[in-house]
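User: Please take one part of this model, the pairing of oppositely charged side chains, and examine it closely. Then set that part against the packing and the empty space around it.

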Amino acid sequence: TLATFYCGRVRQEQENYEKALKIYLGAEKYFKQSKNVNLKGLFQASIGEVYYQQLLKDEAILRLKLAADYFHQAENHRNEIGVTRIIGNSFLMQENIDSAFVYYFKALALADKHDLKRERLSVREGLGVAYREIGKWEQSETFFREARAFSSDSLHKARLSANLAYLFELQGKNDSAIYHLQKAL
């Protein structure tokens, strides 16, 4: 079962989504029999990610919700947070804004509850992007700035500054955009 999972992951990393999905779906009956709930979560998350890449959001959401449940049972908080964010992204791409933010804030609550620094940063950055995409500039800026507090990596700080620069450019605040772009550089 584990070997099959890794074969699927290799195909997925090669962006050969059709072959990866074929491998995963062909092994699904074996995964269902497994007592390893974390492995079941990884399996469902991988299928969900393939569907997400293929823009099959409804199928992705179904699999990612199963994955989140398995990761919750396994107490694998990092992965639970990650798939919960992807569920939010899927809803956002479907323009189901309310559902998207339910999942984003669920991921944020988990990241804060378990004090996972990297996830606290990534969820806040994701919220900043999501709010920017729907034109809620103040909320977007707030989450980008909050994310900076959790970043110790200079490349990530540069990415956050670039996100802020883009946010200000969208608002026509060119001086602020230039300032943050220079900061990113």
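Analyst: A residue is called buried when its relative accessible area is under 20%, and exposed when that value is over 50%. By this cut-off E119 is buried, because its relative accessibility is 7%. Its salt-bridge partner is R118, with the closest N and O atoms 3.4 Å apart. R118 falls on the other side of the division: its relative accessible area is 58%, so R118 is exposed. A separate network, built from salt bridges that share partners, joins D112, D115, R120, R124 and E146.

The model is a predicted one, and the confidence values should be read first. The mean pLDDT of the protein is 93, and 100% of the residues reach 70 or more. Helix α7 (residues 97-113) has the highest confidence, with a mean of 96, whereas helix α3 (residues 28-33) has the lowest, at 85. The latter value bears on one of the pairs discussed below.

Within the five-residue network, the contact between D115 and R120 can be described in detail. Their closest N and O atoms are 2.7 Å apart, and the two side chains form a salt bridge. D115 is exposed, because its relative accessibility is 53%. R120 is buried, because its value is 17%. This bridge therefore has one exposed end and one buried end.

In total, the structure holds 11 salt bridges. Another of them is the pair R63 and E28, whose side chains meet at 2.6 Å, N to O. R63 belongs to helix α5 (residues 57-74) and E28 to helix α3, so the bridge ties together parts that lie 35 residues apart in sequence. Here both partners are buried. The helix that supplies E28 is the one with the lowest mean confidence in the protein, 85.

E28 also leads to the enclosed space of the model. There is 1 cavity of 30 Å³ or more, and the largest cavity contains about 30 Å³ of space. Its lining consists of E28, F31, K32, K40, F43, Q44 and Y70. Helices α3 and α4 are the elements that give two or more residues to this lining. By class, the cavity lining has 3 nonpolar, 1 polar and 3 charged residues. E28 is thus at once a salt-bridge partner of R63 and part of the cavity wall.

The open space is described by the pockets. The largest pocket has a volume of about 280 Å³. It is lined by 16 residues, and E49, R78, N79, G82 and V83 are those nearest its centre. Two or more lining residues come from each of α4 (37-53), α6 (77-93) and α8 (117-133). Of the elements, α6 gives the most, with 7 residues. The lining divides into 6 nonpolar, 4 polar and 6 charged residues.

V83 connects this pocket to the nonpolar packing. The largest nonpolar core has 40 residues, and Y24, I81, V83, Y104 and L127 have the most contacts inside it. Two or more core residues are given by each of α2 (17-26), α4, α5, α6, α7 and α8. Helix α7 contributes the most to the core, with 8 residues; α7 is also the helix with the highest mean confidence, 96. V83 therefore has two roles in this description: it is among the residues nearest the pocket centre, and it is among those with the most contacts in the core.

A further spatial relation involves V83. The C-alpha atoms of V83 and A45 are 6.8 Å apart, although the two residues are 38 apart in sequence. A45 is found in helix α4. With a relative accessibility of 4%, A45 counts as buried.

The overall framework is helical. The protein has 11 helices and 0 strands. Its C-alpha atoms fill a box of roughly 60 × 35 × 30 Å along the principal axes. Of the 185 residues, 44% are buried.

To return to the request, the charged pairs described here differ in their setting. R63 and E28 are both buried, while R118 is exposed and its partner E119 is buried. In the pair D115 and R120, D115 is exposed and R120 is buried.

Methods:
Residues are numbered from 1 along each chain as its sequence is written. This is a predicted model: local features need pLDDT of at least 70, side-chain atom pairs count only at pLDDT 80 or more; totals for chains, interfaces and linings use all residues. Side-chain values use heavy atoms; hydrogens and water are left out. pLDDT is the predictor's confidence in each residue, from 0 to 100. Helices (H or I, at least four residues) and strands (E, at least two) are DSSP runs, numbered from the N terminus. On a 1 Å grid over the protein atoms alone, a cavity is a set of points where a 1.4 Å probe fits but cannot get out, and a pocket is an open set with protein on both sides within 12 Å along at least five of seven lines; lining residues have an atom within 4 Å of a point. Grid points are joined across faces, edges and corners, and a volume is the space filled by probe spheres set on the points. Ala, Val, Leu, Ile, Met, Phe, Trp, Tyr, Cys and Pro count as nonpolar, Asp, Glu, Lys and Arg as charged, and the others, Gly among them, as polar. A salt bridge is a side-chain nitrogen of Lys or Arg within 4 Å of a carboxyl oxygen of Asp or Glu. Buried means under 20% relative accessible area, exposed over 50%, partly exposed in between (1.4 Å probe, protein chains only). A nonpolar core is a set of buried Ala, Val, Leu, Ile, Met, Phe, Trp, Tyr and Cys residues joined through side-chain atoms within 4.5 Å.
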